[in-house]
Amino acid sequence: MDKKVSVPFMLLGILFNVCLIAANILETKVIQVYGDFSVTAGLLVFPISYIINDCIVEVWGFKKARLIIWSGFAMNFFVVALGLLAVALPAAPFWEGEEHFNFVFGLAPRIVVASLIAFLVGSFLNAYVMSKMKLSSNGKNFSARAVWSTIIGETADSIIFFPIAFGGIIGWKNLLYLMAIQVVLKSLYEVLVLPVTIRVVAYIKKVEGSDVYDKNISYNILKIKDL
């Protein structure tokens, strides 16, 4: 029997991976928004990955989300390896951008280690909470489930990411401030785009004819082949 790839699932998976890779690179810059109010540039794109996570769990279930999360992990690792290789190779004598290139990709390994650990914990927590809340609510209250799963996932992500990525570089007072701001802003991001998320999920459910409830499944994150 022929097995066809779902186009919506494939596109969401691609976008999920792109967002994660872009976020890791953008995290190397801290943006001053207003006065002492600063955030990392990764905030521009990273929350989208949580929105996609919510969509995948809602439509296809935790097992499909598990596959996408691990694919994001693998692609990030691949990009970091290529970046390290590029940094290690000798630069052409006439090229003047090496210092800036090495700053971004030289700092990337520490940031990506922090990001990958935080990403796995936060993303799987987000997917788990979303899945369990869908079962307990019998599929109702999507908005509340999307927001609460994001808050829990983003909180875990920030608590893990910032100390590993910026500990010793940024003072602890500013670090704690950044962590709190990131959680608030990323969660607010989810709330602001919720009307769009709701419509996208409804459309995909209609097109796919899928609305999975994760009954009697294993939440073991290592069971990647269990689809």
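Lys186 has a relative accessible area of 2% and is therefore buried. This report concerns a predicted model, and Lys186 offers a way into its charged interior pairs.

**Buried charges**

The partner of Lys186 is Glu154, with which Lys186 forms a salt bridge whose closest N and O atoms are 3.8 Å apart. The pair joins distant parts of the chain, since Lys186 belongs to helix α6 and Glu154 to helix α5, 32 residues apart. Glu154 also counts as buried, because its relative accessibility is 0%. Side chains of opposite charge can pair when their charged atoms come close.

In total, the count comes to 6 salt bridges. Two of them involve Glu58, whose side chain meets that of Lys134 and that of Lys205. Glu58 has a relative accessible area of 1%, so this residue is buried; Lys134 is buried as well. Three of the bridges are set out below.

| Salt bridge | N to O distance | Helices | Separation along the chain |
|---|---|---|---|
| Lys186 and Glu154 | 3.8 Å | α6 and α5 | 32 residues |
| Lys134 and Glu58 | 3.7 Å | α4 and α2 | 76 residues |
| Lys205 and Glu58 | 2.7 Å | α7 and α2 | 147 residues |

Glu58, Lys134 and Lys205 belong to a network of salt bridges that also links Arg145 and Asp211.

**Helix α6**

Helix α6, which carries Lys186, runs from residue 172 to residue 192. At 1.5 Å a residue, its 21 residues should span 30 Å, and the end C-alpha atoms are indeed 30 Å apart, so expectation and model agree. The buried residues of α6 are Leu175, Leu178, Met179, Ile181, Gln182, Val183, Lys186, Ser187 and Glu190. An α-helix has 3.6 residues a turn, so residues three or four places apart point the same way. The elements against which the buried residues of α6 pack are β2 (37-40), α2 (46-60), α5 (142-166) and α7 (194-208).

**The nonpolar cores**

In soluble globular proteins, nonpolar side chains tend to be buried together. Here the largest nonpolar core has 32 residues, and Leu12, Phe16, Ile56, Trp60 and Ile69 have the most contacts inside it. At least two residues of this core come from each of α1 (7-26), α2, α3 (62-88), α4 (98-136), α5 and α7. Helix α2 provides the largest share, 8 residues. Apart from this core lies another, of 11 residues, including Ala118, Phe162, Phe166 and Met179.

When neighbours within four places in sequence are left aside, Leu12 is in contact with Ile52, Cys55, Ile56, Trp60 and Ile204.

**Helices α2 and α3**

The axes of α2 and α3 come within 7 Å and cross at roughly 145°. On the α2 side the contact is made by Asn53, Ile56, Val57 and Trp60, and on the α3 side by Phe62, Lys64, Ala65, Ile68 and Ile69. By class, these residues divide into 7 nonpolar, 1 polar and 1 charged.

Helix α3 has 27 residues, which at 1.5 Å a residue should span 39 Å; the end C-alpha atoms are 39 Å apart, in agreement. Its buried residues are Phe62, Ala65, Arg66, Ile68, Ile69, Trp70, Gly72, Asn76, Val80 and Gly83.

**Three individual positions**

Each contact list in this section leaves aside residues within four places in sequence.

Asn17 is placed in helix α1. Its relative accessible area is 12%, so Asn17 is buried. The contacts of Asn17 are with Ser71, Gly72 and Met75.

Leu120 is found in helix α4 and counts as buried because its relative accessibility is 15%, where the cut-off is under 20%. Leu120 touches Ile69, Trp70 and Phe73; Ile69 and Trp70 are among the buried residues of α3. The C-alpha atoms of Leu120 and Ile221 are separated by 9.3 Å, although the two residues are 101 residues apart along the chain.

Thr197 lies in helix α7 and, at 3% relative accessibility, counts as buried. Thr197 is in contact with Ile51, Cys55 and Phe142. Cys55 is also one of the residues in contact with Leu12.

Terms used
Residues are numbered from 1 along each chain as its sequence is written. This is a predicted model: local features need pLDDT of at least 70, side-chain atom pairs count only at pLDDT 80 or more; totals for chains, interfaces and linings use all residues. Side-chain values use heavy atoms; hydrogens and water are left out. Helices (H or I, at least four residues) and strands (E, at least two) are DSSP runs, numbered from the N terminus. The expected span of a helix is 1.5 Å times one less than its number of residues. Buried means under 20% relative accessible area, exposed over 50%, partly exposed in between (1.4 Å probe, protein chains only). Contact means heavy atoms within 4.5 Å. A nonpolar core is a set of buried Ala, Val, Leu, Ile, Met, Phe, Trp, Tyr and Cys residues joined through side-chain atoms within 4.5 Å. Axes are lines fitted to C-alpha atoms, for helices over the stretch in contact, and angles run from 0 to 180 degrees between N-to-C directions. Ala, Val, Leu, Ile, Met, Phe, Trp, Tyr, Cys and Pro count as nonpolar, Asp, Glu, Lys and Arg as charged, and the others, Gly among them, as polar. A salt bridge is a side-chain nitrogen of Lys or Arg within 4 Å of a carboxyl oxygen of Asp or Glu.
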